[in-house]
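This briefing summarises the architecture, the surface and the charged pairs of a single protein chain. The points are grouped by topic after a short lead paragraph.

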Amino acid sequence: MDSVIDDMPAAPAPAPPPPSPEEIRAAQLEAKRLGDLISGSQNRELHVNSVRIEWVEHTRRGVVEDLVKPILQSQTLGDIVAESREACQRLSRLGVFREIGVTLDTPKEGVYGDLASNESVDVVLHVKEGPRFYARTGADFSNQDTTTNITLKASNALGSGETLEVNASYAVQPSVAFNESAAAFASESGSYFQVLASKPILPAPAFRRPNRADPDARVELAAYNTSRNVLLHMSHEEQAKGLAARYKTADPYYGNHEFAYDVAWRHLHNIAQDASWSIRQDAGHTLKSAISHVFSRDHRDDPMLPTRGSFVRTREELSGLGGDVKFVKGEAEGQWAYPFGNGFTLSTTVRGGLMLPLFGQRTKVNDRFILGGPNSIRGFRQSGIGPMDKKDAIGGDAYWAAGLSLLTPLPYLADKPIKGHFFINGGSLAPITTSTSSSTSSSSSSSSTSSTSTSSCASTTASLFEQNARRLASSPCVSAGLGLAVRFSILRLELNYCLPIVAGLTDRAKPGFQFGIGISYM
């Protein structure tokens with residue numbers, strides 16, 4: 001009788017037994033020994049014989065060499081480990097490699113003669129490039145809107161970390177819709193289309209110190225077409241088509257900079273039948289040509305629900321390098337979080353902005369600041385603070401806003417990204433007066449000595465400053481409340497019960513529950 005044992009599948013191998021307590025202890029001791037050995041050898045004199053890079057396929061060798069070249073300057077084992085770690089981080093930020101590893105190896109062919117095997121090593125970098133072409137769909141969030149988008153991207157297109165990206169998106173403002181009505185989804189929406197080309201600056205410019213190749217310095221060129229529907233609060237739609245050039249630098253300690261030039265043709269159209277005169281007089285076409293600078297530095301431990309640290313952001317813009325829109329504009333924001341222990345955190349935020357027209361022009365509604373809503377001054381409707389014309393929010397030329405929040409742990413949820421939230425907010429938005437009255441102008445232009453004219457001009461400027469400052473400070477909006485704040489990976493969600501305490505005649509308060517979703521809050 002034939003045996004059928006050979007025809008049967010082999011029984012699976014038994015799982016290895018779990019390590020015994022003695023084996024675990026031995027492994028821990030060995031890891032500690034190796035750690036102590038490396039730590040005790042940090043100052044050992046050691047040179048780098050060569051840096052080898054393996055598995056580079058599409059990226060130019062010269063680009064990678066510029067990023068890892070500082071390793072060759074190492075003089076000790078500690079320097080080699082530190083420089084190798086920084087080189088891996090630079091390669092990662094290039095956005096080309098998805099796997100990066102480093103190994104120290106015995107030199108194959110030394111450049112230090114007989115000392116090569118004892119006092120030098122080869123640094124071997126093992127890299128694996130990511131996909132060069134991909135498409136994705138998803139959602140992005142900001143304080144203004146939430147977008148669903150599709151992105152086509154070619155990465156490392158020319159072998160130097162370049163990217164070519166095409167992005168199309170449709171945006172809604174969920175905070176507005178949830179707090180107003182379902183119709184707000186249609187009346188507060190927009191679309192965005194952009195073609196973006198980006199390239200890292202390698203090596204770094206000479207004014208950056210230390211002068212090493214840095215993938216965080218990039219140049220971008222973009223062409224875009226946007227459409228924004230703000231019929232609910234401002235009775236119009238806006239379309240913009242433009243070109244932009246940007247230079248960006250990033251530094252986790254000193255902060256990020258962005259220098260940009262933007263030229264855009266803008267069209268305010270589809271004016272509502274009951275739109276105010278303030279909206280109608282700005283309808284039509286404008287050409288804006290502007291340079292801008294943005295600085296930001298974020299030292300918070302969590303951007304959405306910070307427990308400690310600080311955040312600073314400033315933006316300056318000068319419009320008028322051609323085109324028919326001329327103004328200078330500045331804005332600043334700061335946030336500080338202080339831990340009290342036991343899960344309690346006190347957070348304070350301050351914002352402010354100023355916009356001045358140039359060459360006798362007046363500011364336009366689509367350039368002014370707006371204030372109010374769940375992401376700024378809670379307890380008021382979206383864009384519900386400041387100057388109004390009929391039912392339209394027409395914005396202001398200067399504003400300030402401040403907020404104080406206490407984040408508290410919740411019972412049984414102390415280790416979850418959800419906090420109790422107590423807050424008080426305040427702020428003001430107003431137009432700015434930049435010209436004097438006719439009588440003052442007549443007095444200043446009358447025949448008088450130069451010293452008298454200078455004194456009159458200085459007095460007029462001081463009077464205007466005092467008048468504008470009094471307007472901003474005399475009628476603030478104030479609200480207080482409590483609720484819940486929940487952190488997700490890329491956004492923060494709030495549900496608050498708000499109580500407006502002080503409001504002006506034109507301000508639109510919204511007492512009761514208010515829902516907010518965004519990435520930045522007071």
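The chain contains ten helices and 21 strands. The model is predicted. Of its 522 residues, 43% count as buried. Among the contacts with a separation of 6 or more, 64% are between residues 24 or more positions apart.

**Surface**

- The exposed area of the chain is about 27,900 Å², and carbon and sulfur atoms supply 60% of it.
- Tyr261, Ile291, Leu318, Leu321, Val328, Leu354 and Leu356 make a nonpolar surface patch of about 520 Å².
- Two strands, β12 (309-323) and β14 (344-357), each contribute at least two residues to this nonpolar patch.
- Leu321, one of the patch residues, is located in strand β12.
- The relative accessible area of Leu321 is 46%, so this residue is classed as partly exposed, a category that lies between the buried limit of under 20% and the exposed limit of over 50%.

**The three-stranded sheet**

- An open sheet is formed by three strands in the order β1-β3-β2, with mixed pairing.
- The edges are occupied by β1 (47-54) and β2 (97-105); each has a single partner strand, so one side of each lacks a neighbour in the sheet.
- On average, neighbouring strands of this sheet are turned by 20° against each other, direction ignored.
- Strands β1 and β3 (residues 120-129) run parallel and are joined by seven bridges.
- Strands β2 and β3 run antiparallel and are joined by eight bridges.
- Strands of a sheet pair through backbone hydrogen bonds, in either a parallel or an antiparallel manner.
- Within the pairing with β3, Ile53 stands opposite Leu125, and Arg52 has Val124 as its bridge partner.
- Val124 in β3 also has Thr103 opposite it.
- Strand β3 is mostly covered, with eight of its ten residues buried.

**Helices packed on the sheet**

- With regard to the sheet in the order β1-β3-β2, which helices pack on it, touching β1, β2 and β3?
- Helix α2 (residues 61-68) packs on the sheet and touches β1, β2 and β3. The direction of α2 makes about 145° with that of β1.
- Helix α3 (residues 77-93) also packs on the sheet and touches β1, β2 and β3. The direction of α3 makes about 165° with that of β2.

**Salt bridge between β1 and β3**

- The structure holds 21 salt bridges.
- One of them joins Arg52 and Asp122, whose closest N and O atoms are 2.8 Å apart.
- This pair links distant parts of the chain, since Arg52 is in strand β1 and Asp122 is in strand β3, 70 residues apart.
- Asp122 has a relative accessible area of 2% and is therefore buried, the limit being under 20%.
- Arg52 thus appears in two roles: as the bridge partner of Val124 in β3 and as the salt-bridge partner of Asp122.

**Salt bridge between β8 and β9**

- Glu220 and Arg246 meet through their side chains in a salt bridge, at 3.2 Å from N to O.
- Glu220 belongs to strand β8 (residues 218-230) and Arg246 to strand β9 (residues 237-249), so the pair ties together parts 26 residues apart in sequence.
- Is Glu220 buried or exposed? Glu220 counts as buried because its relative accessibility is 9%.
- Arg246 is likewise buried, with a relative accessible area of 16%.

**Salt-bridge network**

- Lys288 and Asp367 form a salt bridge in which the closest N and O atoms are 3.9 Å apart.
- Distant parts of the chain are linked by this pair: Lys288 is in strand β11 (residues 284-298), and Asp367 is in the loop between β14 and β15 (388-389), 79 residues apart.
- Both residues of the pair, Lys288 and Asp367, are buried.
- Which residues are joined into one network by salt bridges that share partners? The network consists of Arg266, Lys288, Arg315, Glu317 and Asp367.

How values were computed:
Residues numbered from 1 in each chain as written. Predicted model: local features only at pLDDT ≥ 70, side-chain atom pairs only at ≥ 80, totals over all residues. Heavy atoms only, no water. Helix = DSSP H or I, 4+ residues; strand = E, 2+ residues; numbered from the N terminus. Buried < 20%, exposed > 50% of the residue type's maximum accessible area, 1.4 Å probe, protein only. Contact = heavy atoms within 4.5 Å. Areas by Shrake-Rupley, 256 points an atom, 1.4 Å probe, with all protein chains shown as cover. Patch = residues over 30% accessible without salt bridge, like charges linked within 9 Å, V, L, I, M, F, W, Y side chains within 5 Å. Salt bridge = Lys/Arg side-chain N within 4 Å of Asp/Glu carboxyl O. Pairing = 2+ DSSP bridges. Axes fitted to C-alpha atoms, helices over the stretch in contact; angles between N-to-C directions.
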